[in-house]
Amino acid sequence: MLGLKSGTPPDARPRYLRMKIHIDGQLLDKEDAKISVFDHGLLYGDGVFEGIRIYHGRIFRLNAHLKRLYESARSICMEIPISIEEMEKATLETVAANNLQDGYIRLVITRGVGSLGLNPFQCPRPGIIIIASTISLYPAERYEKGLNLITCATRRPTPAALSPQVKSLNYLNNVMAKIEAIQAGCEEGIMLNEQGYVAECTGDNVFVIKDGQVYTPPISAGGLDGITRQAVIEILGQLGIRCTEKMMTRHDLFTADECFLTGTAAEVIPAVQLDRRVIGSGKPGPVTAQVVAAFHELVKHDGTPVPYTA
Ligand code: PMP
């Protein structure tokens, strides 16, 4: 024994109130939810994931998330051992078992248990993990006052190396960029692609407003095709605000009137500084406020209802 202390104290709550985690078809108490050290998800970051929100007892855009999950898996030559319908059912059951009306779901598909070599074909069955919990990515104050951003020196990798559309378990590129942002005293960072065009943030997509029009980088700039991004493009259409995809450099952010980020965990959040330079008035702007309000309205009814049993 090395005398290491266990990180999490035992859960004192009665068993029926404890967090339940889905692993390979079973709902387990958090303490019992464990996977093998030989899982290639751990050994190589070989696997895919999704982060999904529950709002008011509804899972926001579950089908879009499941579609992206199965496409990520297909892209890395991994066959998820259950159908998309079965995954949907397992997700709903996990949320219901944890009695969550609002929260965050993490779907994780690992390559599975194999030997100590890269070969994924020696892993007979991918592992399925579903966690339903809560999340608060940024302090409430940041939603009022806006985030401060830096430009990360770490670039998004070229799609020739790995498609940014694969939401893989290897987020080290984003983690390195996030470290830069945090060490600079910021909450998020802008990531450029190899050519120096704005791709996205470490875990969010980016939008700017200029002269009443909204712009966002095209997916071909190297960002993830975000589901919140898509929802916001739809909202802008309904609000009658023109939204155009445009290759952008830092110049477009420095000279913007407003800027906001979108992501499942972040939702829609204003950004008011980049590299210590003030964006627009330095305060969240009116178009951003309109989008935030419309997004909060949308999530009230746009989602798959969870059949609660408790
Ligand atoms: N970019 C990256 C790198 C992300 O990890 C995420 C969060 N999944 C996003 C953008 C936002 O995508 P979504 O709105 O689908 O959460």
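This tour visits the ligand, the pocket that holds it and the largest cavity of a predicted model.

**Stop 1: the ligand and its shell**

Begin by selecting the ligand and displaying the 16 residues around it. Which of these residues come nearest to the ligand? They are K167, Y171, E200, T228 and T264. Colour the shell by residue class, and 3 nonpolar, 9 polar and 4 charged residues should appear. Next, select α6, which spans residues 227–239, and β13, which spans 258–263; each of these two elements supplies at least two residues of the shell.

**Stop 2: polar side chains beside the ligand**

Keep the ligand in view and show the side chain of K167, where a polar atom lies 2.6 Å from a nitrogen atom of the ligand. Turn then to E200, which has a polar side-chain atom 2.5 Å from a ligand nitrogen. The third side chain to select is that of T264: one of its N or O atoms is 2.6 Å from an oxygen atom of the ligand. Now display the surface of the protein around the ligand. On its own, the ligand has 390 Å² of accessible area, and the protein covers 94% of this.

**Stop 3: the largest pocket**

Where does the ligand sit? It occupies the largest pocket, which contains about 770 Å³ of space. Select the 39 residues that line this pocket; F49, K167, Y171, T202 and G203 lie nearest its centre. K167 and Y171 therefore deserve a second look, as they were also among the residues nearest the ligand.

Colouring the pocket lining by class gives 16 nonpolar, 14 polar and 9 charged residues. To see where the lining comes from, select β3 (47–55), β5 (103–110), α5 (172–183), β9 (198–201), α6 and β13, each of which supplies at least two residues. Of the elements, α5 provides the largest share, with 4 residues.

**Stop 4: the largest cavity**

Leave the pocket and turn to the enclosed spaces. How many cavities of 30 Å³ or more are counted? There are 3, and the largest holds about 50 Å³ of space. To find this largest cavity, select R53, Y55, F60, H65, I227, T228, G263, T264 and F295, which line it. Two elements, β3 and α6, give two or more residues to this lining. By class, the cavity lining has 4 nonpolar, 4 polar and 1 charged residues.

To finish, keep T228 and T264 selected: both line the largest cavity, and both are among the residues that come nearest to the ligand.

How values were computed
Residues numbered from 1 in each chain as written. Predicted model: local features only at pLDDT ≥ 70, side-chain atom pairs only at ≥ 80, totals over all residues. Heavy atoms only, no water. Near = heavy atom within 4 Å. Polar contact = N/O pair within 3.5 Å; in protein donor to acceptor, adjacent residues only side chain to side chain. Areas by Shrake-Rupley, 256 points an atom, 1.4 Å probe, with all protein chains shown as cover. 1 Å grid on protein atoms, 1.4 Å probe; cavity = no way out; pocket = protein on both sides within 12 Å on 5 of 7 lines; lining within 4 Å. Sits in = over half its atoms within 2 Å of the grid points. Nonpolar A, V, L, I, M, F, W, Y, C, P; charged D, E, K, R; others polar. Points joined across faces, edges and corners; volume = space filled by probe spheres on them.
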